[in-house]
Amino acid sequence: MEKDITTEERIKEAARRLFQQKGYGMTKSRDIAEEAGINLALLNYYFRSKEKLFELIMGESLHNLIAFLSGIMNNEKLSLPEMIDRIVEKYIDLLIENPNLPLFVLGQIQADPGKFIEKSGFPLNIVKTSRLQRLLEKQIEDSGLKEVSPTHIIINVVSMTIFPFIGKPLLLSIFGLDEESYWQFISERRKLIPKEIKTFLKMEI
């Protein structure tokens, strides 16, 4: 029996919306079926389980991110400041659309790092062979920064971007944020993170 790609995509879009709104744990297979306008049996025919559907959606998001980052990191027309801006902006956009992605990736890494790297399609040495790496090395040398490597800079960008999504419940509690102020905080970080990285690297802002 040939699967109807339209129905398949409708199921995935419904699941994306619900995973974003309610989280993986609070989303039931029946909720996804109702959101997609199909019955539960048809959902199970296409994806067998909520877990398989979640893995597929998160995997697609991760592949899209890798493809985008690879393109940015090797773009010959972009300056280092422009690369930093675009990487942070894309990362935040992706996490807004897929807030479950960081915990999904963390769980996969902890379960089986080798399998995760193989399935994710991460090219080996994707950063070390990139133009971004070379530009960072030059900027670090020109700025006279000691005991700093491009690895530190890239990890700082990733962690500063991801933590507010992973730690959202904690941030809401500790800082007394509501949903509106939390998303305002996330929006502000689009400019704040690149600014802090550029300041550390002694770049003109």
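Domain bounds here come from an automatic or database domain assignment. The structure is a predicted model, in which local features need pLDDT of at least 70, side-chain atom pairs count only at pLDDT 80 or more, and totals for chains, interfaces and linings use all residues. Residues are numbered from 1 along each chain as its sequence is written, and side-chain values use heavy atoms, with hydrogens and water left out.

**Exercise 1. The overall build**

Task: Find how many helices and strands the chain has, and what its C-alpha trace spans.

Solution.
- Step 1: Helices (H or I, at least four residues) and strands (E, at least two) are DSSP runs, numbered from the N terminus.
- Step 2: The chain has 11 helices and zero strands.
- Step 3: Along the principal axes, the C-alpha trace spans about 65 × 45 × 30 Å.

**Exercise 2. Two domains and their interface**

Task: Name the domains, then describe how domain 1 and domain 2 meet.

Solution.
- Step 1: The assignment gives domain 1 (1-48) and domain 2 (55-201).
- Step 2: Their C-alpha centres are 29 Å apart.
- Step 3: Taking contact as heavy atoms within 4.5 Å, eight residues of domain 1 touch seven residues of domain 2.
- Step 4: Buried area is the accessible area (1.4 Å probe) that two parts lose on being put together, summed over both. Between domain 1 and domain 2 this comes to about 640 Å², with carbon and sulfur atoms giving 55%.
- Step 5: Of the area that domain 1 buries against domain 2, 68% is supplied by Lys12, Arg16 and Gln20, more than any other three residues.

**Exercise 3. Charged pairs**

Task: Count the salt bridges in the model, and look at one across the domain interface and one inside a helix.

Solution.
- Step 1: Side chains of opposite charge can pair when their charged atoms come close. A salt bridge is a side-chain nitrogen of Lys or Arg within 4 Å of a carboxyl oxygen of Asp or Glu.
- Step 2: This rule gives 11 salt bridges, and it finds two across the interface of domain 1 and domain 2.
- Step 3: Arg16 pairs with Glu60, with 2.7 Å between the closest N and O atoms. Arg16 belongs to domain 1 (1-48) and Glu60 to domain 2 (55-201).
- Step 4: Glu9 pairs with Lys12, the closest N and O atoms being 3.1 Å apart. Because they are three residues apart in helix α1, Glu9 and Lys12 are separated by about one helical turn.

**Exercise 4. The largest pocket**

Task: Work out the volume of the largest pocket and what lines it.

Solution.
- Step 1: On a 1 Å grid over the protein atoms alone, a cavity is a set of points where a 1.4 Å probe fits but cannot get out; a pocket is an open set with protein on both sides within 12 Å along at least five of seven lines; lining residues have an atom within 4 Å of a point.
- Step 2: Grid points are joined across faces, edges and corners, and a volume is the space filled by probe spheres set on the points. The largest pocket has about 940 Å³.
- Step 3: Its lining has 33 residues, and Tyr91, Phe122, Val127, Ile154 and Val158 are the closest to its centre.
- Step 4: Helix α9 (150-166) gives the most to this lining, with eight residues.
- Step 5: Ala, Val, Leu, Ile, Met, Phe, Trp, Tyr, Cys and Pro count as nonpolar, Asp, Glu, Lys and Arg as charged, and the others, Gly among them, as polar. The lining of the largest pocket then divides into 29 nonpolar, three polar and one charged residues.

**Exercise 5. Spaces shared by the domains**

Task: Where does the second largest pocket lie, and which residues line the largest cavity?

Solution.
- Step 1: The second largest pocket holds about 280 Å³. Among its 15 lining residues, Gln20, Pro99, Asn100, Phe165 and Lys168 lie nearest its centre.
- Step 2: Domain 1 and domain 2 both give residues to this lining, so the second largest pocket lies between them.
- Step 3: There is one cavity of 30 Å³ or more, and the largest cavity holds about 40 Å³.
- Step 4: The largest cavity is lined by Arg16, Phe19, Gln20, Met58, Glu97, Asn98, Pro99 and Asn100. Each of domain 1 and domain 2 supplies at least three residues of that lining.
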